[in-house]
Amino acid sequence: MEAASIIVPSQMVYMQIPANELRLFTDGIFPALAVNPIADSAKGFGHRYVAGHDLFWDVPKTLTSHGPCEGLRHAGHIMLTDFPTKAGIPFPLLSHSGLGQFLEQAGIHRGWLQISLFDSGVGILAIAEGSTDLAQAIHGTLDMNWGTFFDTFVEGGIEVGLAIATKNPLLLIGGVENILAGVVATWNEITVYINPLDFFGSTGVSALVGFGLAYGLADENLSDAGVDAIRSGAIGALFSISPAFGFGALAGFSAYRLGCGLAEIHNDSQKGCFSIDRQSYNLLVDEICKGNPNVKWLLERALPCLAIQEQVKNLPARSRILSESCKILPADFVMLQDKSPTLNEDTKRLKVDVEVLPDDLMVLSKWYQAVLAD
């Protein structure tokens, strides 16, 4: 628990330090390196991740294009004035100009690709402490007890929570190592020291007791009672492994149910704030419509126009019954003949060598034209 006693208080203190004051403090220690036009080519929020602050990507470009002196100033500006601030610098080769753009396309937020001096120190401490616990658990020398429970699951959960809140990937790795160490130690405890009959017996009895209390006494339905039975069985199984697991799970489930109850109360109160009764609504409408006929006309047109008639026409109780004496089609109907006449196949063909009449004489053609002209 030494790491947790250092990480948590220092993280809380570090979060209370204003970011601007910390940046001015680091710039005051190294005033000659406070401003670098090559590194600060990009401006605005998150400009360090965008360009100019990648040690393995941007600094070598400065060395080749401007010489070793400017390259050293560039590196000094990144490490001595930007790295200690809260914004930090991007991981080498993981800036937006490097491989960071591909990681962003994969769904990783750019906050996880940057690190500061404080975050790296806390993360390295967490990784060193978690790797020791994980190595002991793998070798089978980490026994599961109260101290191990708090040193693995509780401490790892705190580190993971702080890592998510601050987007510290190193601290996240340390928290995952602690949780894995607890899982391995628990597995060793179950497979070596726990009697299977005790484990499954506690699980079954606890599940039956939870289902009976939820369904019989609390009058819950089958689905809710089944969920409560699963929770009771899990708590019973964890108690058979270690009392620390049992009490931890019991506290977690109790906090969950208490949170659900408080959330329902809060939702009901919020619904009450946004609700209005019919009388208050009518008073509000009357007050708005006073002296403003256009609004009244608009509200009347917006109301549904469906109205139920007071005197409705009753349908007759006795309906018309169809007659049973229906006409039946005759069975002896006329049928068409099956053998229909067909055309004769030996048809007569016209002669190909036809006689052509000779052309009219010239005198007749002139006479025709004269007749047509008249």
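Mentor: Helices and strands are DSSP runs, with at least four residues for a helix and at least two for a strand, numbered from the N terminus. In this predicted model, the protein chain has 15 helices and two strands.

Trainee: How many residues of the protein chain count as buried?

Mentor: A residue is buried when its relative accessible area is under 20%. Of the 374 residues in the protein chain, 27% meet that description. The chain's accessible surface is about 27200 Å², and carbon and sulfur atoms hold 66% of that area.

Trainee: Which residues of helix 5 are buried?

Mentor: An α-helix has 3.6 residues a turn, so residues three or four places apart point the same way. In helix 5, the buried residues are Gly71, His74, Gly76, His77, Ile78, Thr81 and Asp82. They pack against helix 2 (19-29), helix 3, helix 4 (58-66) and strand 1 (89-90). Helix 5 itself covers residues 68-82 and spans 20 Å from first C-alpha to last, close to the 21 Å expected.

Trainee: What volume does the largest pocket have, and which residues lie nearest its centre?

Mentor: Rolling a probe the size of a water molecule over the atoms shows where empty space is left. Here the largest pocket has a volume of about 670 Å³. Its lining comprises 21 residues, with Phe45, Lys86, Ala87, Gly88 and Gln114 nearest the centre.

Trainee: Which helices and which strand each supply at least two residues of that lining?

Mentor: Helix 1 (2-15), helix 3 (47-50) and strand 2 (114-115) each do so. By character, the lining of the largest pocket has six nonpolar, ten polar and five charged residues.

Technical notes. Residues are numbered from 1 along each chain as its sequence is written. This is a predicted model: local features need pLDDT of at least 70, side-chain atom pairs count only at pLDDT 80 or more; totals for chains, interfaces and linings use all residues. Side-chain values use heavy atoms; hydrogens and water are left out. On a 1 Å grid over the protein atoms alone, a cavity is a set of points where a 1.4 Å probe fits but cannot get out, and a pocket is an open set with protein on both sides within 12 Å along at least five of seven lines; lining residues have an atom within 4 Å of a point. Grid points are joined across faces, edges and corners, and a volume is the space filled by probe spheres set on the points. Ala, Val, Leu, Ile, Met, Phe, Trp, Tyr, Cys and Pro count as nonpolar, Asp, Glu, Lys and Arg as charged, and the others, Gly among them, as polar. Buried means under 20% relative accessible area, exposed over 50%, partly exposed in between (1.4 Å probe, protein chains only). Accessible areas come from the Shrake-Rupley method with a 1.4 Å probe; for residues, only the protein chains shown count as cover. The expected span of a helix is 1.5 Å times one less than its number of residues. Contact means heavy atoms within 4.5 Å.
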